[in-house]
Amino acid sequence: MLKNPLLIVAIAMTIGVSVWGILDTQGLTSFAANYVEIGFRSRGWFIMLTASIMLISSITLAVSKYGNVTLGKEGEAPEFSTPSWMAMMFAAGMGVGLLFYGAAEPISHYLFINRSGIDAEKAASMALFLTNFHWGLHAWAIYGLTALVIAYFGFCRGTPQLISAPIVNVFGDRPLPRRIGWLVDLLSIYAIAIGLAGSVAMGVFQVQDGVAALFKIDMSGIRYALIIFSILFAAYMVPLTMDLSKGMALLSNIAVGIAVCLMAYMLIIGPTSFLMNGIIEAVGQYFAKAIPHGFATYTFYGQEVKGWFRDWSLNYMVWWLAWAPFVGVFIARISRGRTIREFIAGVLLAPTIFSIFWFGIFGGMAFYQGKASRIDPAIVETRINQTTFILLETLPLSTITIIATIVAAFLFIVTSVVSAAYVLSMFSEGGSQNPTVKMKLIWGVILGTLGLAMILSNSVGAVRQIIAMSAGPFVFIVLLLLVCLIKALKEDVGGTDG
């Protein structure tokens with residue numbers, strides 16, 4: 001470990017941010033906010049263009065002759081069953097975010113649009129579309145294409161599963177590609193650690209407010225968040241000592257199973273016809289408008305709309321970019337034996353359709369009989385993590401559903417930390433697919449320390465800004481990885497059709 005300069009520098013950077021966040025929380029959040037604001041003003045158009053390029057390229061690869069290429073040896077069977085593959089992929093890529101924003105995001109967009117003078121019905125429809133846009137194909141294209149590059153080079157060309165490996169493999173093991181690759185791996189480790197720590201903080205906030213709603217007590221103090229964090233830390237350290245197929249797969253299946261049951265219960269016990277009508281409409285709207293909307297930058301709107309665009313759409317895209325190295329490497333690790341077409345279809349469509357149903361049910365319940373208009377906007381805007389529990393309290397068996405949400409949120413955080421520590425350990429050991437327990441535990445401690453710094457900010461907005469700060473360079477890195485994949489496919493399989 002001490003002989004690896006990359007690892008030493010990466011750990012120093014992440015610990016430095018942790019110490020800064022713990023000793024001067026306000027200073028870190030202010031710096032992150034200013035940095036992100038400058039980046040969004042100057043490169044917002046490029047961020048949206050990059051996300052759209054990733055999506056269009058993914059679809060093109062899936063329908064091309066390259067779609068038949070197997071990620072591994074020809075005829076090799078997948079390592080994991082399709083349900084377990086999708087559960088682990090979904091838990092790593094989204095997880096607690098869906099529980100956190102299930103009702104809150106559609107309501108936030110609805111309140112903003114409705115204040116602009118648009119009638120409630122149209123505002124609700126637009127709010128669901130915008131939510132689906134943020135969590136749908138563009139997000140999973142960023143994840144999926146990053147994962148596809150790592151999987152192709154790792155399983156078909158035998159490179160280490162590192163973000164830098166495709167760059168060195170395609171452009172040659174020369175000084176310049178090696179230096180660029182070293183920097184890319186460093187930024188990957190940093191972005192993974194920061195992005196995951198933010199998810200830990202959001203998950204702790206979610207569990208904290210869930211427990212408060214369950215027992216009808218005030219748990220707003222930082223002391224309660226620290227207690228929950230301590231329990232979480234102990235819980236995720238245990239799976240880090242286990243094999244990936246035992247710890248991560250089991251926890252992911254349980255977490256996703258609870259989320260599916262919760263969604264099904266709300267659909268059945270709630271206004272089923274109303275919700276299904278909304279979901280079917282949302283499916284049509286989303287798939288008709290998703291690709292064109294990826295080029296929307298709100299150039300000619302006022303400052304209020306531009307501020308919303310920066311706070312939501314741009315923030316989400318850089319959030320997915322921040323998580324791309326972590327989720328990408330993890331998805332690549334569990335996807336051996338699948339064809340490129342099967343891989344892209346699974347990574348893009350399954351989570352997107354699930355998200356449309358999820359937000360259609362949680363958002364639809366919030367809009368039913370005007371519930372969204374009766375929720376105090378201050379709660380959605382300042383304590384957004386309480387929104388899901390406020391909604392659940394309006395339904396029968398709210399105690400059970402709140403407990404289920406708390407458990408699912410807790411498990412999603414655990415699976416995220418486990419998968420991130422696994423990926424970081426892979427990076428630390430030269431791309432090894434089975435890193436040592438010692439290295440995984442070291443990264444578990446570092447991620448916990450960084451998560452603690454995020455928790456001390458006590459602000460979801462601050463957490464999102466810090467995550468966005470870490471993602472800037474990946475707007476360029478993911479495009480470089482795409483170039484590497486296209487060059488490799490042309491060399492290995494041949495030129496394009498026609």
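In the predicted model, helices H5 and H13 meet through Glu105, Ser108, His109 and Phe112 on the H5 side and through Glu304, Val305, Trp308, Trp312 and Tyr316 on the H13 side. The axes of these two helices come within 12 Å and cross at roughly 165 degrees. Because angles over 145 degrees count as roughly antiparallel, H5 is roughly antiparallel to H13. The crossing of H5 with H13 is left-handed.

Helix H5, which spans residues 104-115, also packs against H6, a helix of residues 120-135. In general, the angle between the axes and the distance between the axes are used to describe two packed helices. For H5 and H6, the axes come within 8 Å and the crossing angle is roughly 135 degrees. The two helices are therefore oblique to each other, and their crossing is right-handed. On H5, the residues in contact are Glu105, Pro106, His109, Tyr110, Ile113 and Asn114. Their partners on H6 include Ala120, Ala123, Ala124 and Ala127, as well as Met126, Leu128, Leu130, Thr131, His134 and Trp135. Glu105 and His109 thus appear in the contact with H6 and also in the contact with H13.

A further partner of H5 is H14, and the axes of this pair come within 8 Å and cross at roughly 50 degrees. That angle makes H5 oblique to H14. The contact is made by Pro106, Ile107 and Tyr110 of H5 together with Phe359, Gly363, Ala366 and Phe367 of H14. The crossing of H5 and H14 is right-handed. Pro106 and Tyr110 are named in the contact with H14 and also in the contact with H6.

Helix H14 covers residues 340-367, and Gly364 is placed within it. Gly364 has a relative accessibility of 7% and so counts as buried. When neighbours within four places in sequence are left aside, Gly364 is in contact with Phe274, Leu275 and Phe359. One of these, Phe359, also takes part in the contact between H14 and H5. Gly364 and Pro271 are separated by 93 residues in sequence, and their C-alpha atoms are 9.0 Å apart in space.

The largest nonpolar core of the model contains 190 residues, and those with the most contacts inside it are Tyr101 and Trp358. Helix H13, residues 303-333, supplies the largest share of this core, with 20 residues. Not counting residues up to four places away in sequence, Trp358 touches Leu98, Leu99, Gly102, Ala259, Leu262 and Met263.

Phe474 is part of helix H21, which runs over residues 474-492. With 2% relative accessibility, Phe474 counts as buried. Beyond the residues up to four places away in sequence, Phe474 touches Val184, Leu187, Ser188, Ala191, Leu321 and Pro325. One of these partners, Val184, is 290 residues from Phe474 in sequence, yet the C-alpha atoms of the two residues are 8.7 Å apart in space.

The cysteines were examined next. A disulfide is a covalent bond between the sulfur atoms of two cysteines. With a disulfide taken as a pair of cysteine sulfur atoms within 2.5 Å, the count comes to zero. Cys156 is in no disulfide, and the nearest cysteine sulfur belongs to Cys484, 15 Å away. Cys156 has a relative accessibility of 31% and therefore counts as partly exposed. Cys261, at 55% relative accessibility, counts as exposed.

Backbone angles were also considered. Most residues other than glycine have a negative phi. Tyr298 has a phi near 55 degrees, a positive value in a residue other than glycine. Tyr298 lies in the loop between H13 and helix H12, the latter made of residues 272-293. The relative accessible area of Tyr298 is 15%, under the 20% limit, so Tyr298 is buried. Leu397 likewise is not a glycine and has a positive phi of about 55 degrees. The loop that holds Leu397 lies between helix H17 (387-392) and helix H18 (398-428). Leu397 counts as exposed because its relative accessibility is 53%, whereas Tyr298 is buried.

Notes:
Residues are numbered from 1 along each chain as its sequence is written. This is a predicted model: local features need pLDDT of at least 70, side-chain atom pairs count only at pLDDT 80 or more; totals for chains, interfaces and linings use all residues. Side-chain values use heavy atoms; hydrogens and water are left out. Helices (H or I, at least four residues) and strands (E, at least two) are DSSP runs, numbered from the N terminus. Buried means under 20% relative accessible area, exposed over 50%, partly exposed in between (1.4 Å probe, protein chains only). Contact means heavy atoms within 4.5 Å. A nonpolar core is a set of buried Ala, Val, Leu, Ile, Met, Phe, Trp, Tyr and Cys residues joined through side-chain atoms within 4.5 Å. Axes are lines fitted to C-alpha atoms, for helices over the stretch in contact, and angles run from 0 to 180 degrees between N-to-C directions. Angles under 35 degrees count as roughly parallel, over 145 as roughly antiparallel, 65 to 115 as roughly perpendicular and the rest as oblique. A crossing is left-handed if the near helix is turned anticlockwise from the far one by less than a right angle, and right-handed if clockwise.
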